[in-house]
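Me: I would like to go through some labels and the values behind them. Please set each value against its cut-off.

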Amino acid sequence: MPDRGPIDGGPTEWGSAAMRRHARRRRAAEHRFRLLGRAAVAVSIGCLLFLLGSMLVAGIGGIDGHFLRGTDATEATRAGIGAALRGSLMVLGLTLALALPVGVLAALYLEELAPRSAWATLIEGSINNLAAVPSIIFGLLGLLLFLGTMGLPRSAPLVGGLTLALMTMPVIVIAGRSAIRAVPGSIREAALAVGASRVQVTFHHVLPRAWPGILTGAIIGGSRALGETAPLLLIGMRAFIPAAPTGMTEPATVLPVQIFLWSDQIDRGFAEKTSAAIVVLLVLLFAMNGVAAWLRHRGEVRR
């Protein structure tokens, strides 16, 4: 029985006029879609280059050794980001130190060890919903829990790290589960066939292969935490800090909050400082996302 054609229901005639018109329409549609995609990419890159160019023009002259090592000051000529940069690194380090192990263990349990049940489904849905919660809600949670209930010191890197760890943990769990799910099932079956237990399969075979993807998710989550302002404003990290913090319980500020405070200053000298601080923050974010892309590429090559 002859094949029925997609155009008129008759036998397929690849050289017919109808088939040629159909092929031309498909090629035209693919060409339009390709042009639309290129235009979207060009607009995105153009906006990014405009942002970078404007910030570089406005702030590159203010980046020097004193600016990178100095602290906040009432005069623009004496102000620097050293204290805010150290506070950001302290908060980011504590955030990843808390969120990464908990997030990885939760992802391993949910994906490899947890039985399929309504309770596990409820937990998975809750984690997905937490990843979409606005960051200011986590700031309110930190204000209520860590400051109001636990009485931790206000405006301290300890409170900032705890708050951002709560915000970052769902992102790490989701990224970790995706990386674990990407490990071929044949690896699990081969390990089980030679007598390995479920825990040995998880930690000796699955986790090493999923680790690049897990680190990628952790770095992306850390990048989001590094650029957050709203939750840290709510826990008091917007005070004038004339000295760099030396401990987790000392008053501190972070780079995004410092940018926010300088942008509200009347003195026009702080405009250059604001642009210079934005350039430094963007460099840090690009560096972290570059490391994440390299780890993802390395993991794909190894697989």
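Reply: What follows covers salt bridges, burial and contacts.

This is a predicted model, in which local features need pLDDT of at least 70 and side-chain atom pairs count only at pLDDT 80 or more, while totals for chains, interfaces and linings use all residues. Residues are numbered from 1 along each chain as its sequence is written, and side-chain values use heavy atoms, with hydrogens and water left out.

Me: Why is the pair glutamate 111 and arginine 181 called a salt bridge?

Reply: The term requires a side-chain nitrogen of Lys or Arg within 4 Å of a carboxyl oxygen of Asp or Glu. For glutamate 111 and arginine 181 the closest N and O atoms are 3.2 Å apart, so the pair qualifies. Glutamate 111 lies in helix α3 (residues 82–113) and arginine 181 in helix α6 (residues 157–181), 70 residues apart; helices are DSSP runs of H or I with at least four residues, numbered from the N terminus.

Me: What makes arginine 177 and glutamate 124 a salt bridge?

Reply: Their N to O distance is 3.1 Å, and the limit is 4 Å, so the label applies. This pair also links distant parts of the chain, with arginine 177 in helix α6 and glutamate 124 in helix α4 (residues 118–131), 53 residues apart.

Me: Why is arginine 177 called buried, and why is arginine 181 called partly exposed?

Reply: Buried means under 20% relative accessible area, exposed over 50%, and partly exposed in between (1.4 Å probe, protein chains only). Arginine 177 has 13% and is therefore buried. Arginine 181 has 49%, so it counts as partly exposed. Glutamate 124, at 16%, is buried, and glutamate 111, at 21%, is partly exposed.

Me: Which residues are linked in a network of salt bridges?

Reply: Glu111, Arg116, Glu124, Arg177 and Arg181 are linked in this way. By the same rule, the count comes to six salt bridges.

Me: How do you know that glutamate 228 forms a salt bridge with arginine 224?

Reply: The closest N and O atoms are 3.7 Å apart, which satisfies the 4 Å limit, so the pair counts. Glutamate 228 is in the loop between α8 (198–226) and α9 (230–234). At 12% relative accessibility glutamate 228 is buried, whereas arginine 224, at 28%, is partly exposed.

Me: What makes the pair glutamate 228 and serine 135 a polar contact?

Reply: A polar contact is a pair of N or O atoms within 3.5 Å; within protein, one must be able to donate a hydrogen and the other to accept it, and residues adjacent in sequence count only if both atoms are side-chain atoms. The side chains of glutamate 228 and serine 135 are joined at 3.0 Å, so the distance meets the limit.

Conventions. Helices (H or I, at least four residues) and strands (E, at least two) are DSSP runs, numbered from the N terminus.
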